[in-house]
Each structure stands twice: as C-alpha cells, then as structure tokens.
Amino acid sequence: MENNYILNNGVKMPSIIMGTTSFTSFRQMNEAICSAIDAGCRAFDTSRFYRTGGEETEKCLGIIIKNYLKSNSYLTREDFFITTKLAIPQLIRGSIEKDVIESINKLDTEYIDSLLIHWPFPDYFVPAYQKMEELYKKGLVKTLGMSNCQIRHFEQLFDAGLEINPQVHQLELHPLNTASETVEYCKKKNINIQAYSPLGKMLDPIKNNETLKEIANKHEKSLAQILLRWHYQLGFAPIFRSKSVDRIKNNLELFDFRLSEDEIELISNLNQNYKICTESSRCPGY
Amino acid sequence: MKLKTVLGGKKLIYIFLSILIIIFHLKFRLLADIYIYIFCFVIILAAISWIVNEFWKSKLDKLFIDYPGRINSYKNFKRNYDIACVGGTQGLFAVDFTQQNDVSAFNWCMENQSLENDFLMLKNFFSILKKDGKVLLFLSPFANTNSELMVNKNYKYQIFLDKFLFTVNNNKKFYFRDWLVTNTLLRKKKDNLFLMSIHYYPILYPITIIKLFIEIKKRNNDLRTAETINDKKLKIDTEKRVKEFMNINSTFAIEKNKILLMEMNKFIKDRDLNLIIVIPPISSTLTNALKNTELNQKLKTFIHSAGILENSVLNYFNNKEFTNNSLFIDSYRLNLQGRKQFTTQLIKDIKNI
C-alpha cells in the first residue's frame, strides 16, 4: 500500500491513519495495530490523554511499534507516521517542550511525525503553537498542525505571525458533516486534512442510507470502504478505528476501486452539518 | 449507572450488608478486636456511601438527560438548534417550545442566574446551535444583575457542566475541570483522590444535592401549573419583587455587566450566531407598582450602553397583550398558558427581525 500525501514542507503523510483510542487492553491494541501494519497501514494517531486498559496509549503504541520493528527487519521507524496531540491542560501549563519530550520518550522514538493542538483553547493555543515551532526547528517534530479548528482560529493563528505554517488539520469529517468552508480554507492555505470519525460513527442516517447502499452494492464493497474511499478521493486522510482484525483489513482495502464524480457528489450531498462531537462542551469558549 | 441497574442491584447489596452485620455481631463481637470492628464499620460506611452515591447520580442523570454536557448517547442527541435561550428565572418561565413544530429551540434559562453564568452556559453549549442560530438573552430586572459569578449557586452546573470558571492568583480564568486535570498531571497520584472525590460528587456535596432536588422539584411543579395567582398572593409577591428590584437597582447598570454584555455580543457574532435580547413581560400589577422607577428606560439605557442595536431587542415589558394577571403564576412568572401564548408571539417577532 503506497499512497501518501506530500505535505507543504515536503514530508510524506500516509493517506489512511489508524486511531488508537478505545482499546480496552494492551493485548487487544497489540493485535489490532500489528494486523494493521501487516495490511499496510503506516500511520497512527494518538494523544497523551488516551488510555488503553489503564496504561497510557502513547506508551503502548511505542512498545508495539518497537516490537514490530524488531521482528520485521524490512521496516524502519522512518516508514511510520505517528501523530500525537497537546491537550488543553498542556496548553494551559505552557511547558510544551517538556510535554513533547515526555511524549517522545513514551513513544520510544526520537521524533514525532505530526504534533497537533487538540483543541484551540481560547488564549492558549496561539502561544502553544509558537512554542511548537521551536520544537519543529529542533527537529523533534516533523510536521505541525491543529485540530478541531474553525477558520476564525486559523485567522487568529496567522494574525499572530507564524514562522511555520501548519501542515495538517484534523477535524470531524464524514458525509453528515462535510465542513466545506473549513476544508476550502485549508486547501487554500495548503494544509492537509486528517478526518476523524470518518464513518460518522455509522449513525442511522449513514447506515440506513439507500444511496450509500446502492453505491456499495455497485462496487461490491462495504459501506465503510465506500466512505473511506470518498475521503481518499477528496484528498483527506481518514482516521479509522477498529478492534476487529477483519474489519481493519477491510478498511485498508480501498485502493482497488474508484468512485465516479457523481458518486462523490451524491455522498457529499448527505451533509447535514451534523457534528457528533459538540465542540464547545469539549473546549469551553471554543 | 442507570436507575434501573441501581434498583436491580439493591437486593444484593442489602443481602451483603445483612451478612456483614450478622458476622459482625455473632463472630467478631466475641473476639472483641477493635481493629476488626473499625474495619467492618468502614466497609459498611463505604457500602452505604456507594449506594447513596449511585442513587443520587442515577436520579441526577435522569433530571439532566437533555443537557448536551451530559451526553453519552450522542446518537440520539439533536444538533443544529435554531434557538437557544439563556437567562434567569423570568426566561425559564417565559417560553415553552413544546408546541412549536417549525423551530427547534433549547431553553437553558435557570433560576438565580447572573449574566456571567449565562455567558458560561453559552460558552459550553453554543456548538449545538446551527450556523446563524439565535441566542435569546432574557434580560430581567430581577435577575442577571449580580455581576459576580454565583459560586454557591453553581451546584447546578457541577452536575452537568463540571467545568465552571475558576480564578487563580494572577487573575487569569481557568475552567475548573481543566485546572483539575492539569493539577492531577502535575501532582500525579496525589490528586487522583481529589479527582475521584469530585467525580463522586454526592458524597462531597450532600447539602447542595438536597437543595438541588428541592429546587428542581418545585420548579418542575411550577412549570407544569396552569393556575393563576389570587389577588392577595399577587399583592404580596409584587411587594416582594419591588423591594428586590429597589435593592439591586443601584448595581443594575454597573460597568462590569455592561462589559460582560459587550463581550457576549462579540462572542456570539464571532461564531456566526445572532444575539437577540428579550425583555419578558411582567404582570400588570407589577408593572403598575414599578411605574415610578423608570425601569423600562433604565433597561433600554443599559442595553444601548453595551452597544446592542435596537433592532436586536424585543421588549415586552409593557406589552398589553401579555400583562394580564391571568397569564401569571406570580407577579413576574408566566403560567403554562401565558408561556405558550408568549412563545408563539416571540417566534413571530424573531422571524421579523
């Protein structure tokens, strides 16, 4: 599976990412991640505050990748793309370098491929980004990015005078929430999109949608594959999550078919601006 | 834990407690070992606390099931509301959207609100409004007037918000939950106990929880009633409100509230929403009693000084259609019929803005 996006600083980012939340044990996570790597997935998304059976997910991910590399010499650390995020308390605390070094240690690596600000917490996200720029210059972080931002947050960031433009923006994207204005803005600014909840949690309007079912039947693919392909063809890197080995493999098989322009439009037209994650209750004053 | 589960597990807990007590009496008494007595006591206390905790929590979960901060079952939760109302008691008793099928609206008004609390609610929940949605701020001379955040009233928010504003030494405002998490991170295990005690709030706040129950029960009864207040009670209530107004009148147009309203207006505009200020109606008896206070003019001046345009204000203070005493349960709170009537008119007026 060799499908990468080239970010605005020349770094390659895989076109599909696996999320690491919601694993209930290290064993389960190990099995899922290893099967994803076997199936060609090279990008993983985590955060300091994710937990796997009481353990820090960053630490678990570090161990799993390290072990995989030991037993599979055809891969190196450089083949992987690891995203982690700074959470609101870290922004408030302000010791960004210390926190990032801690993440690097937990992930048992020498650098982070992509460092994002999880939520644009008012008054704190701009100074935090400026501190992240220093880490980028030191080579501790290969790409910088934001998460869950609106255009007004980016404008605040750009108005502050950036030295390094963000390369990545991670936001909730699925057919029920296409966030077209934000996506257009990011395109203009040459910022690549990572899409979380790419399947819209398979809510009823997606799961029971006749149009989607028809498209899936036509291509003899699952609904999830159709939706992930829709993301891919629109230039997004979907962040899928699954605990099932079969489903993980299934999700990664999206490069052997193509949706037509009409089909892309039909799926995009399902938009209802329906956000699963209500931002302001996660990030007050958002 | 849901109420059903708690009730379902009750029998088992009773059996467990009974066994403990029997052992306690029959066996350990003979041993006369003080440590065992203490151990059993702690176990029993913990078990009782756990039952009480779960019981309160399940009850509270039911009370606040609709609040977005409480959503665990995101699947059934509605988004893209047209209207959200913030404000105090008058706002709470001013609108009833249950029969309005063409608008989706959410009433976040709560008793004893300050303007700062209104803003806090908005900051936490505005994302469920659609783009260009409307925020109705119910401005009342009997509420919204205390400039300080009413921390002692915040037990309401602890239940479903758990992140009220927290001020630290350098005058920077933090959200309580985030402050808590940050501290937990800094001090590691030490603060986990504190975090747990906040999470298991009923043990920590028994009095506030009881107060909350009494308040909500009374409020729900009041909201359901279609009764009209009798003349004697209305007179007493009017006197009370006039006195209340006179007491807070001096602090009404203070600079802090004005700045707060300006900030709120900017916050709403920046998020592609629209602020509409609603001055709800009060009974004709209270209107007459307040005739000499220039209340209406003072309200107008206050709103104007905060830079709110006149076409964003819906003033029903002296609206003859809604001042009839038969529409009120007391001097300033509308009854069910009054609320329905007023809501229909309000929605019409909003559409015309």
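These are my notebook entries on a predicted model with chains A and B.

**Chain A, the barrel**

I started with the strands of chain A. Eight of them, in the order β3-β4-β7-β8-β9-β10-β11-β12, form a closed barrel with parallel pairing. I looked up the twist as well, and from one strand to the next it averages 30°.

Next I followed the pairing from strand to strand. β3(A), residues 17–19, runs parallel to β4(A), residues 43–45, and two bridges join them. Across from Met18(A) I found Phe44(A) in β4(A). From β4(A) I moved on to β7(A), where the pairing is again in the parallel sense, over three bridges. Asp45(A) has Thr83(A) of β7(A) as its bridge partner. On the way to β8(A), residues 112–117, I noted four bridges from β7(A), also in the parallel sense. Here Thr84(A) stands opposite Leu115(A) of β8(A).

**Chain A, a closer look at β7**

Is β7(A) buried on one face or on both? I checked residue by residue. The strand spans residues 81–86, and six of its six residues are buried. In a regular strand the side chains alternate between the two faces of the sheet. I sorted the residues that way: Phe81(A), Thr83(A) and Lys85(A) sit on one side, Ile82(A), Thr84(A) and Leu86(A) on the other, and both faces are covered. I marked Lys85(A) in my list, as it is among the buried residues.

**Chain A, two helices**

Two packed helices are described by the angle between their axes and the distance between the axes. I took α9(A), residues 210–219, and α10(A), residues 223–233: their axes come within 9 Å and cross at roughly 95°. Angles of 65 to 115 degrees count as roughly perpendicular, so α9(A) is roughly perpendicular to α10(A). I then listed who makes the contact. From α9(A) it is Leu212(A), Lys213(A), Ile215(A), Ala216(A) and His219(A), and from α10(A) it is Leu223(A), Ile226(A) and Leu227(A). By type I get six nonpolar residues, one polar and one charged.

**Nonpolar cores**

In soluble globular proteins, nonpolar side chains tend to be buried together. I went looking for such groups here. The largest nonpolar core has 137 residues, and the ones with the most contacts inside it are Met18(A), Phe44(A), Val100(A), Trp108(B), Leu137(B) and Ile277(B). I wrote down both chain letters, since that list names residues from A and from B. Which element gives the most to this core? I found α10(A), with seven residues.

I picked Val100(A) for a contact list. Setting aside neighbours within four places in sequence, I have Leu86(A), Ile112(A), Leu115(A), Leu135(A) and Val141(A) in contact with Val100(A). Another core lies apart from the one of 137 residues. I count 26 residues for this second core, including Cys85(B), Ala94(B), Leu136(B) and Leu314(B).

**Chain B, overview and sheet**

I turned to chain B and noted 14 helices and seven strands. Of its 353 residues, 50% are buried. For contacts between residues at least 6 apart in sequence, I have 76% joining residues at least 24 apart.

Five strands of chain B make an open sheet in the order β2-β1-β3-β6-β7, with parallel pairing. Which strands stand at the edges? They are β2(B), residues 105–107, and β7(B), residues 313–315; each has a single partner strand, so one side of each has no neighbour in the sheet. On average, neighbouring strands are turned by 20° against each other, direction ignored.

Inside the sheet I looked at β3(B), residues 129–138, and β6(B), residues 274–279, which pair in the parallel sense over five bridges. Phe138(B) has Val278(B) of β6(B) as its bridge partner. I also saw α14(B), residues 336–352, lying across β1(B), β3(B), β6(B) and β7(B), at about 125° to β3(B).

**Chain B, two residues**

My first pick was Thr343(B), which is in α14(B). Buried or exposed? I have a relative accessible area of 0% for Thr343(B), so it is buried. Not counting residues up to four places away in sequence, Thr343(B) touches Ala94(B), Val95(B), Asp96(B), Phe97(B) and Gln100(B). I had already listed Ala94(B) in the core of 26 residues.

My other pick was Ile34(B), in α2(B), residues 34–63. With 53% relative accessibility, Ile34(B) counts as exposed. I also took its separation from Lys320(B), 286 residues away along the chain: the C-alpha atoms are 75 Å apart.

Note on methods:
Residues are numbered from 1 along each chain as its sequence is written. Chains are lettered from A and ligands numbered from 1 in the order in which they are written. This is a predicted model: local features need pLDDT of at least 70, side-chain atom pairs count only at pLDDT 80 or more; totals for chains, interfaces and linings use all residues. Side-chain values use heavy atoms; hydrogens and water are left out. Axes are lines fitted to C-alpha atoms, for helices over the stretch in contact, and angles run from 0 to 180 degrees between N-to-C directions. Angles under 35 degrees count as roughly parallel, over 145 as roughly antiparallel, 65 to 115 as roughly perpendicular and the rest as oblique. Contact means heavy atoms within 4.5 Å. Ala, Val, Leu, Ile, Met, Phe, Trp, Tyr, Cys and Pro count as nonpolar, Asp, Glu, Lys and Arg as charged, and the others, Gly among them, as polar. Two strands pair if DSSP finds at least two bridges between them. A nonpolar core is a set of buried Ala, Val, Leu, Ile, Met, Phe, Trp, Tyr and Cys residues joined through side-chain atoms within 4.5 Å. Buried means under 20% relative accessible area, exposed over 50%, partly exposed in between (1.4 Å probe, protein chains only).
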